[in-house]
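I opened a fresh notebook page for this one. Let me pull up the sequence and the model before I write anything down.

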Amino acid sequence: VVDGVLFTKGPKKLLLYPHAKNVTDYTVPAGVEEIASYGISRNKYITSIDLKDVTKVQISALVNLLKLKTITIPKNLKKAGLEKGAFEGCSALEAYKVAEGNTDFSAEDGVLFSADKTTLYFYPLAKPDVAYTIPNTVKVIADKSFQGAIKLTSLVIPTSVESINSQAFRQNYNLTSVTFREPSNITSLANYAFWSCLKLTEVTLPSSITEIGKVFLQCENLET
């Protein structure tokens with residue numbers, strides 16, 4: 001235990017951060033390489049987290065941190081070390097930051113991308129924009145990348161995008177319209193890509209689509 005936080009011996013892995021620990025800016029201690037699932041969750045004080053020396057972030061590692069505004073991706077975190085859905089339910093999150101020297105990730109306007117900006121990993125849920133056009137460098141929209149982004153009302157997907165992964169836009173409750181620019185390179189949409197977008201009324205699908213499954217589950221107001 002270090003400052004009330006539970007780690008494995010070493011410490012190498014953060015297991016549990018106290019829900020009521022009253023610290024606003026938290027830097028993971030030097031030498032800690034991994035954050036366990038639900039390792040930092042439901043704390044009501046944290047406003048910023050610096051992952052410092054972390055090289056592995058498990059699924060649902062940072063969850064429901066309702067005052068968290070920024071997450072700093074450390075220098076040595078690689079793509080393989082960031083699991084799908086690592087950051088969930090952080091509804092006040094305004095921006096991702098990337099430490100200088102990281103060769104796998106980059107941040108632009110607070111959005112987390114691969115270094116070459118061909119993959120969009122995470123969109124901050126409290127980013128104030130109501131409309132967002134995905135940059136035309138992006139080829140892959142990662143799993144759960146926009147999950148819970150409730151401020152967005154309209155979205156434009158450029159011709160560069162080739163893949164929209166599972167649950168990418170899940171629970172975008174205020175999203176009303178989605179437009180795919182033509183000519184599109186998308187031939188299929190992953191299941192649950194737009195799961196539970198309750199206000200979604202209009203989607204302009206690209207002519208390139210040849211296969212579609214359970215994409216718009218629980219989009220109860222979808223008209224066209």
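These are my entries on sheets, cysteines and pockets, in the order I looked them up.

**Entry 1: a reminder to myself**

I'm working with a predicted model here, not an experimental one. I'll keep that in mind for every number below.

**Entry 2: the parallel sheet**

I began with the strands. How are β3, β6, β9 and β11 ordered in their sheet? I read the order as β3-β6-β9-β11, an open sheet of four strands with parallel pairing. At its edges I found β3 (25-27) and β11 (95-98), each with a pairing on one side only. I also noted the twist, which averages 15° from one strand to the next.

Then I zoomed in on one pair inside this sheet. Strand β6 (residues 48-50) runs parallel to strand β9 (residues 70-73), and I count three bridges between the two. I looked up I49 and found that its bridge partner in β9 is I71.

A note for the margin: strands of a sheet pair through backbone hydrogen bonds, either parallel or antiparallel.

**Entry 3: the mixed sheet**

I found another open sheet of four strands, in the order β1-β2-β4-β7, and its pairing is mixed. Its edge strands are β1 (6-7) and β7 (56-57), each paired on one side only. Inside it, I checked strand β2 (residues 13-16) against strand β4 (residues 34-35): that pair is parallel, with two bridges. K13 stands opposite E34 in β4.

**Entry 4: β17 and its partners**

Next I followed β17. Strand β15 (residues 131-133) and strand β17 (residues 154-157) run parallel and are joined by three bridges. On that side, A131 stands opposite S154 in β17. I then found β17 paired with strand β19 (residues 177-180) too, again in the parallel sense, over four bridges. There, I157 stands opposite F180 in β19.

**Entry 5: cysteines**

How many disulfides does a search of the whole structure find? I got zero. I wanted to know why C197 and C219 don't count. The sulfur of C197 has its closest cysteine sulfur in C219, at 4.7 Å, which is too far for a bond. The cut-off I used for a disulfide is 2.5 Å between the sulfur atoms. Looking from the other end, C219 has its closest cysteine sulfur in C197, so the pair fails from that side as well.

Are these cysteines buried or exposed? I have C197 as buried, at a relative accessible area of 0%. C219 is also down as buried, at 9% relative accessibility.

**Entry 6: the largest pocket**

Last, I went looking for empty space. The largest pocket has a volume of about 190 Å³. I find 17 residues lining it, and E88, G89, L125, Q147 and G148 lie nearest its centre. By class, I get nine nonpolar, six polar and two charged residues in that lining.

**Entry 7: the second largest pocket**

This one comes out at about 160 Å³. Its lining includes K79, K84, Y121, D143 and N165. Which strand gives the largest share of this lining? I traced it to strand β14 (residues 119-122), with three residues. From the lining list, T119, Y121 and F122 are among the names I wrote down. Sorted by class, the lining of the second largest pocket has five nonpolar, three polar and four charged residues.

Key:
Residues numbered from 1 in each chain as written. Predicted model: local features only at pLDDT ≥ 70, side-chain atom pairs only at ≥ 80, totals over all residues. Heavy atoms only, no water. 1 Å grid on protein atoms, 1.4 Å probe; cavity = no way out; pocket = protein on both sides within 12 Å on 5 of 7 lines; lining within 4 Å. Points joined across faces, edges and corners; volume = space filled by probe spheres on them. Nonpolar A, V, L, I, M, F, W, Y, C, P; charged D, E, K, R; others polar. Pairing = 2+ DSSP bridges. Axes fitted to C-alpha atoms, helices over the stretch in contact; angles between N-to-C directions. Buried < 20%, exposed > 50% of the residue type's maximum accessible area, 1.4 Å probe, protein only.
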